[in-house]
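User: I am new to this structure and would like a close look at a single part of it, with the reasoning spelled out. Please take the aromatic side chains and the strands around them.

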Amino acid sequence: MAIHEVPAFQGQAGMQTDRMIYGRVIYVTRERVLAARGNRLIESLDGGVEWKQIGSLPVGFIEKSLMFFRLSSRLLRKGVHHFAVGESCALVSANRDVYSLESGQKRLLEPVHGSRPLTLCAVNGAFYYGEYRSNPERSTVHVWKLEEGEDKWQPVWRFEGIRHVHGVFHDSYENSIWVTTGDLDHEAGIWRTDDDFNTLEKIAGDSQQFRVVQLLFTKDHVYFGSDVPDDKNYIFRMDRNGNAVEKLMAVGSSVFYGYRVGNSLFFSTAVEPSRVNTTRYAEVWGSANGTDWKLIRKFKKDIWPMKYFQYGQVLFPAGPGDGENLWFTPFASAHDQKSFRIPLSTFATHHL
């Protein structure tokens with residue numbers, strides 16, 4: 001299976017082509033790229049030129065079909081959502097199930113709590129996620145932990161009076177874990193624990209500026225984009241103590257996801273229309289120095305209603321990346337179930 005060349009950035013002529021594969025890229029290192037096609041897992045060892053199937057998730061025929069076809073998978077929230085690699089095993093989050101992959105064996109674990117987490121984090125021999133569900137009544141939500149080799153998730157932190165947990169992230173510079181929550185002003189927060197959730201400190205919050213999904217870390221800063229449906233959204237940079245927050249770049253809509261490849265930073269927006277955010281394009285923004293940001297790709301939302309078939313988005317893989325390329329997967333666009341690879345050199349002019 002070879003990758004294909006497709007036109008680059010919509011609406012801009014003269015740009016070089018991107019490389020494309022069918023499937024969602026879920027994990028990237030210098031040595032390998034993993035992707036999902038329905039319930040099948042495929043792998044490339046040459047940077048995405050040739051692919052082979054390495055396994056499949058054990059689901060029934062109907063579930064397999066629902067995961068494979070793009071509209072049914074979107075309507076019913078099917079498919080592979082997350083892939084995280086620990087010290088002795090990997091976890092795959094698919095549909096509402098979680099599978100442990102170890103020594104070629106698959107093991108079905110306890111399902112996630114809530115609908116499905118927005119992120120899955122591997123830290124020091126354990127996995128973490130935050131409970132994400134509609135929760136209009138603001139009932140208790142948790143951060144959940146799974147020790148490698150175990151089958152059941154254990155709650156390690158309880159939140160009262162917030163809607164849901166957006167994400168859990170590992171900061172390798174200080175070996176700490178950060179958490180983001182939403183949605184209202186008093187619920188929005190960026191939190192940090194340095195002792196595996198024996199304590200949890202709110203670093204910043206209490207305004208829509210800190211209604212955040214993804215965090216990215218550099219040695220001195222934490223980067224994030226605001227997720228505010230009814231106001232203008234921006235990419236921000238904050239010092240590690242939450243004292244200095246800089247507004248770096250206005251973007252077209254709510255920021256959901258981020259990714260770091262080498263020293264380059266990326267965020268993507270979602271098509272979540274409101275009276276303020278009117279764009280029909282999901283955007284990918286990139287920076288090679290953390291200060292100067294460029295709109296490097298955009299993808300138009302398809303015709304299917306967002307209420308049922310989800311917002312237009314751009315998804316990033318897990319893993320450290322290969323240091324030379326950015327992989328990403330547009331979602332709810334004309335490029336559903338396709339992933340793209342672009343060289344960092346196509347936009348990078350400075351370095352962190």
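Analyst: A good place to begin is with two aromatic residues, phenylalanine 267 and tryptophan 293, both of which are buried; everything said here rests on a predicted model. The ring centres of phenylalanine 267 and tryptophan 293 are 5.8 Å apart and their planes stand at 35 degrees, so this pair is classed as tilted, given that planes under 30 degrees apart would count as stacked and those over 60 as edge-to-face. Phenylalanine 267 belongs to strand β24, which covers residues 264–269, while tryptophan 293 sits in the loop between β25 (281–287) and β26 (294–300), so the pair ties together parts that are 26 residues apart in sequence.

That pair is one case of a wider pattern, for the count of aromatic pairs comes to 19. Another of these pairs is made by phenylalanine 210 and phenylalanine 224, which is also described as tilted, with 6.1 Å from centre to centre and 45 degrees between the planes. Phenylalanine 210 is found in the loop between β18 (201–205) and β19, and phenylalanine 224 is found in strand β20, so here the ring pair ties together parts 14 residues apart in sequence. Phenylalanine 210 has a relative accessibility of 10%, and because buried means under 20%, it counts as buried; phenylalanine 224, at 0%, counts as buried as well. Ring pairs also bring in further residues, linking Phe210, Phe224, Tyr234 and Phe236 into a cluster. One member of this cluster has a charged neighbour, since lysine 247 lies over the face of tyrosine 234, at 4.2 Å from the ring centre.

The strand that carries phenylalanine 224 leads on to the sheet. Strand β20 takes part in an open sheet of four strands, arranged in the order β19-β20-β21-β22 with antiparallel pairing. At the edges of this sheet are β19 (212–217) and β22 (245–251), each of which pairs on one side only. On average, and with direction ignored, neighbouring strands of the sheet are turned by 25 degrees against each other. As a general matter, the strands of a sheet pair through backbone hydrogen bonds, in either a parallel or an antiparallel manner. In the present case β19 and β20 (residues 221–226) run antiparallel and are joined by four bridges. Phenylalanine 224 itself is involved in this pairing, as the bridge partner in β20 of leucine 215. Phenylalanine 224 can therefore be described in two ways, as a buried residue and as one member of the aromatic cluster with Phe210, Tyr234 and Phe236.

Returning to the region of the opening pair, strand β26 offers a contrast in exposure. Leucine 295 has its place in this strand, and at 30% relative accessibility it counts as partly exposed, whereas tryptophan 293, in the loop between β25 and β26, is buried. The C-alpha atom of leucine 295 is separated by 27 Å from that of tryptophan 178, a residue 117 places away along the chain. A second case of a lysine over a ring is also present, with lysine 298 lying over the face of tyrosine 281, at 4.7 Å from the ring centre.

Key:
Residues numbered from 1 in each chain as written. Predicted model: local features only at pLDDT ≥ 70, side-chain atom pairs only at ≥ 80, totals over all residues. Heavy atoms only, no water. Pairing = 2+ DSSP bridges. Helix = DSSP H or I, 4+ residues; strand = E, 2+ residues; numbered from the N terminus. Axes fitted to C-alpha atoms, helices over the stretch in contact; angles between N-to-C directions. Phe/Tyr/Trp six-rings, centres within 6.5 Å; stacked < 30°, edge-to-face > 60°. Buried < 20%, exposed > 50% of the residue type's maximum accessible area, 1.4 Å probe, protein only. Lys NZ or Arg CZ within 6 Å of the ring centre and 35° of its normal.
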